[in-house]
Structure formats: C-alpha cells, structure tokens
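Here is a short report to read alongside the coordinates. Keep the viewer open, and feel free to check each spot as it comes up.

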Amino acid sequence: MAPVKISHVVSFSSQDPKYPVKNLLNPDSQRGPWLSCPQDKSGQLKVELQLEKAVPIGYIDVGNCGCAFLQIDVGRSSWSLDRPFVTLLPATMLMSLADSKQGKNRSGVRMFKDGEEGRSGKRAEIGSERR
C-alpha cells in the first residue's frame, strides 16, 4: 500500500518556530522535524491530522527526533465530537530511559505493522480522519 497523504493539521499542542508542525505534511522535505516550543515544559506533543481519504491502515512508519514514547489514536472526521478516539498503537517506547537522559539514539525510524508487538490488533479504516 502506498503512503497516504496527510491533508492538513487540524490541531496541535506546541511547536518550535524553527521546526513547525507543518513539517509533518511533507516528510520528504528537508525542513526538519516537528519539535515543541523551547518554553513548553509539558513533555508532551499532540497533533491531530486529517488524511486525504479513508484508507485501511496496515502499517505506520514513524520518524523519531528525541521522542521517548509514542501513542497513535485514530478516529473519523464524521464521528461526533464526544466520541473518543480508538487506540491504534498503544503507548510504545521509542527511546530507553538511559538514552533519553544521555541524549543518545535520538533519531531513527520505527515501523509498526498489523499484528506485530505494540499493536492493538485492531485493523482500522481511517481517512478524512483524526489521528
């Protein structure tokens, strides 16, 4: 299955002016990653993305830039606002505590495939969706 285009950013929690959230819209660009605002000390970044169309999700590749944990929740834009997202990828460790404290192994790519460790076992068809 070919990669799905992210249509636009619906919302986000924080961004560094030098590394804004719009960098997620074109992962092939050389603009760099999406990072939190240097003054944001919450330790969490959240983004809601809308995909170009509804698609079954069988795998997700995630580029990491200093993130210790990742969780992916999905939903449909047609759902009512009070309907909760569904967890597609439960909280998953991308960096060990030691690596995080020492600033080691801060970048890389993790691939998550349907039925592999860390997956909820749910096959989702998501699109024009919240993620």
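## Gly66 and the S4–S5 loop

Gly66 sits in the loop that links strand S4 (59–65) to strand S5 (69–76). This is a predicted model, and in it Gly66 has a relative accessibility of 28%, so it counts as partly exposed.

Which residues does Gly66 touch, once those up to four places away in sequence are left aside? They are Met95 and Arg106. There is also a pairing in space worth displaying: Gly66 and Leu94 are 28 residues apart in sequence, while their C-alpha atoms are 8.7 Å apart.

## The cysteines on either side

How many disulfides does a search of the whole structure find? The count is zero. Cys65 takes part in none, and the nearest cysteine sulfur to its own belongs to Cys67, 9.7 Å away. Seen from the other end, the sulfur of Cys67 has Cys65 as its closest cysteine partner, and 9.7 Å is too far for a bond. The cut-off for a disulfide here is a sulfur pair within 2.5 Å.

Are these cysteines buried or exposed? Neither word quite fits: Cys65 is partly exposed because its relative accessibility is 35%, and Cys67 is partly exposed too, with a relative accessible area of 28%.

## Between S5 and S6

Moving along the chain, Pro84 lies in the loop between S5 and S6. Its relative accessible area is 58%, so Pro84 is exposed. If you draw a C-alpha distance from Pro84 to Val74, you should get 9.0 Å, for two residues 10 apart in sequence.

A charge-over-ring arrangement is also worth a look. Arg83 lies over the face of Trp79, at 3.7 Å from the ring centre. As for rings paired with rings, the structure holds zero aromatic pairs.

## Thr92 in strand S6

Strand S6 covers residues 86–93, and Thr92 is part of it. Is Thr92 buried or exposed? With 9% relative accessibility it counts as buried, because the cut-off for buried is under 20%.

The side chain of Thr92 has a polar contact to show as well: one of its polar atoms lies 2.6 Å from the backbone oxygen of Pro90.

## Asn105 after the helix

Asn105 belongs to the loop between helix H1 (97–102) and strand S7 (107–113). Its phi is near 50°, a positive value in a residue other than glycine, so this one is a good candidate to pick out on your Ramachandran plot. What is the exposure of Asn105? At 56% relative accessibility, Asn105 counts as exposed.

## The protein as a whole

Stepping back, the protein has one helix and nine strands. Read along the sequence, these elements follow the pattern β-β-β-β-β-β-α-β-β-β.

What share of the 131 residues counts as buried? The figure is 27%. The protein exposes about 8600 Å², and carbon and sulfur atoms supply 52% of that area. Finally, among contacts with a separation of 6 or more, 64% come from residues 24 or more positions apart.

Conventions: Residues numbered from 1 in each chain as written. Predicted model: local features only at pLDDT ≥ 70, side-chain atom pairs only at ≥ 80, totals over all residues. Heavy atoms only, no water. Helix = DSSP H or I, 4+ residues; strand = E, 2+ residues; numbered from the N terminus. Buried < 20%, exposed > 50% of the residue type's maximum accessible area, 1.4 Å probe, protein only. Polar contact = N/O pair within 3.5 Å; in protein donor to acceptor, adjacent residues only side chain to side chain. Phe/Tyr/Trp six-rings, centres within 6.5 Å; stacked < 30°, edge-to-face > 60°. Lys NZ or Arg CZ within 6 Å of the ring centre and 35° of its normal. Contact = heavy atoms within 4.5 Å. Areas by Shrake-Rupley, 256 points an atom, 1.4 Å probe, with all protein chains shown as cover.
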